[in-house]
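Q: Got a minute to walk me through this one? I'd like the fold and then the metal site.
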Amino acid sequence: MNCPRCGKEGAKTGKTWKFGLFDVTGYRCAACEKSFNAYYRDGNFSHTVPKPK
Ligand SMILES: [Zn+2]
């Protein structure tokens, strides 16, 4: 999963959780040292938080 801030590949933190209808996977970007979350609905990628610029 690419970082929404800088576009580099982020690494999974290993954390997953539910957010309403979404399954969320936590990522951390080594390039900008920030975390972001990927949201999936019914197994399909929906969006990241924060959203890409
Ligand atoms: Zn980044």
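A: Sure; a term to start: helices (H or I, at least four residues) and strands (E, at least two) are DSSP runs, numbered from the N terminus. On that basis, the elements of the protein run β-β-β-β from the N terminus on. There are zero helices and four strands.

Q: Is this a prediction, or what are we looking at?
A: This is a predicted model: local features need pLDDT of at least 70, side-chain atom pairs count only at pLDDT 80 or more, and totals for chains, interfaces and linings use all residues. Residues are numbered from 1 along each chain as its sequence is written, and side-chain values use heavy atoms, with hydrogens and water left out.

Q: OK, the metal. What are the protein donors of the zinc ion?
A: Cys 3, Cys 6, Cys 29 and Cys 32, each through SG, lying 2.3 Å from the zinc ion. Donors here are N, O and S atoms within 2.8 Å of the metal (3.2 Å for Na, K and Ca); water is not among the atoms, so sites may look incomplete. Along the chain the donors follow the spacing C-x2-C-x22-C-x2-C. Cys 3, in the segment before strand S1 (11–19), and Cys 32, in the loop between strand S2 (22–29) and strand S3 (34–41), are 29 residues apart, so this pair links distant parts of the chain.

Q: Why is the arrangement around the zinc ion tetrahedral?
A: Because the four donor atoms subtend angles of 104 to 125°, and four donors count as tetrahedral if all angles lie between 85 and 135 degrees.

Q: And Cys 3, buried or exposed?
A: Buried, with a relative accessible area of 3%. Cys 32 is partly exposed, at 24%. Buried means under 20% relative accessible area, exposed over 50%, partly exposed in between (1.4 Å probe, protein chains only).

Q: Which residues make up the largest nonpolar core?
A: Five in all: Cys 3, Tyr 27, Cys 29, Phe 36 and Ala 38. S2 and S3 each supply at least two residues of this core. By nonpolar core I mean a set of buried Ala, Val, Leu, Ile, Met, Phe, Trp, Tyr and Cys residues joined through side-chain atoms within 4.5 Å.

Q: Switching to S1: how many of its nine residues are buried?
A: Zero, so S1 lies largely in the open. S1 and S2 pair in the antiparallel sense over six bridges; strands pair if DSSP finds at least two bridges between them. Ala 11 stands opposite Arg 28 in S2.

Key: Four donors count as tetrahedral if all angles lie between 85 and 135 degrees; four count as square planar and six as octahedral if opposite donors are over 155 degrees apart and all others between 65 and 115; anything else is irregular.
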